[in-house]
Amino acid sequence: MMFHQDSASKKIDDVKFVDFENYLFLSPLRELAFFLTSSPSIDVIENHFDELLDLYYET
């Protein structure tokens, strides 16, 4: 994952996911599903999973 930080506000304003392993063969949706179910803490999955999916679709 690569993060971009706004120089004025010092807040992260962009995130890029880079996958060099299977980028030719697997769907980005499969990669997203794997990331969302394996990387966040249980609390985030239980309480914010829908928000993360909404954010993905909005951007």
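Let me begin with the two helices, where H1, covering residues 28-38, packs with H2, covering residues 42-58, at an angle of about 155°, and where the two axes lie 10 Å apart. I should say at once that what we are looking at is a predicted model. Since angles over 145 degrees count as roughly antiparallel, H1 and H2 are therefore roughly antiparallel to each other. As for the handedness of this pair, H1 and H2 cross in a right-handed sense.

Which residues in H1 and H2 meet? From H1 the contact takes in Leu 32, Leu 36 and Thr 37, and on the H2 side these meet Ile 45, Phe 49, Leu 52, Leu 53 and Tyr 56. Sorted by class, the residues in this contact between H1 and H2 comprise 7 nonpolar and 1 polar, with no charged residues.

Now let me step back to the protein chain as a whole. It holds 2 strands as well as 2 helices, and if you follow the sequence, the elements come in the pattern β-β-α-α.

How much of the protein chain is buried? Of its 59 residues, buried ones make up 5%. The accessible surface of the protein chain comes to about 5400 Å², and carbon and sulfur atoms account for 58% of that surface.

Finally, a word on contacts along the sequence: if we take the contacts in the protein chain with a separation of 6 or more, 6% of them are between residues 24 or more positions apart.

Note on methods:
Residues are numbered from 1 along each chain as its sequence is written. This is a predicted model: local features need pLDDT of at least 70, side-chain atom pairs count only at pLDDT 80 or more; totals for chains, interfaces and linings use all residues. Side-chain values use heavy atoms; hydrogens and water are left out. Axes are lines fitted to C-alpha atoms, for helices over the stretch in contact, and angles run from 0 to 180 degrees between N-to-C directions. Helices (H or I, at least four residues) and strands (E, at least two) are DSSP runs, numbered from the N terminus. Angles under 35 degrees count as roughly parallel, over 145 as roughly antiparallel, 65 to 115 as roughly perpendicular and the rest as oblique. A crossing is left-handed if the near helix is turned anticlockwise from the far one by less than a right angle, and right-handed if clockwise. Contact means heavy atoms within 4.5 Å. Ala, Val, Leu, Ile, Met, Phe, Trp, Tyr, Cys and Pro count as nonpolar, Asp, Glu, Lys and Arg as charged, and the others, Gly among them, as polar. Buried means under 20% relative accessible area, exposed over 50%, partly exposed in between (1.4 Å probe, protein chains only). Accessible areas come from the Shrake-Rupley method with a 1.4 Å probe; for residues, only the protein chains shown count as cover.
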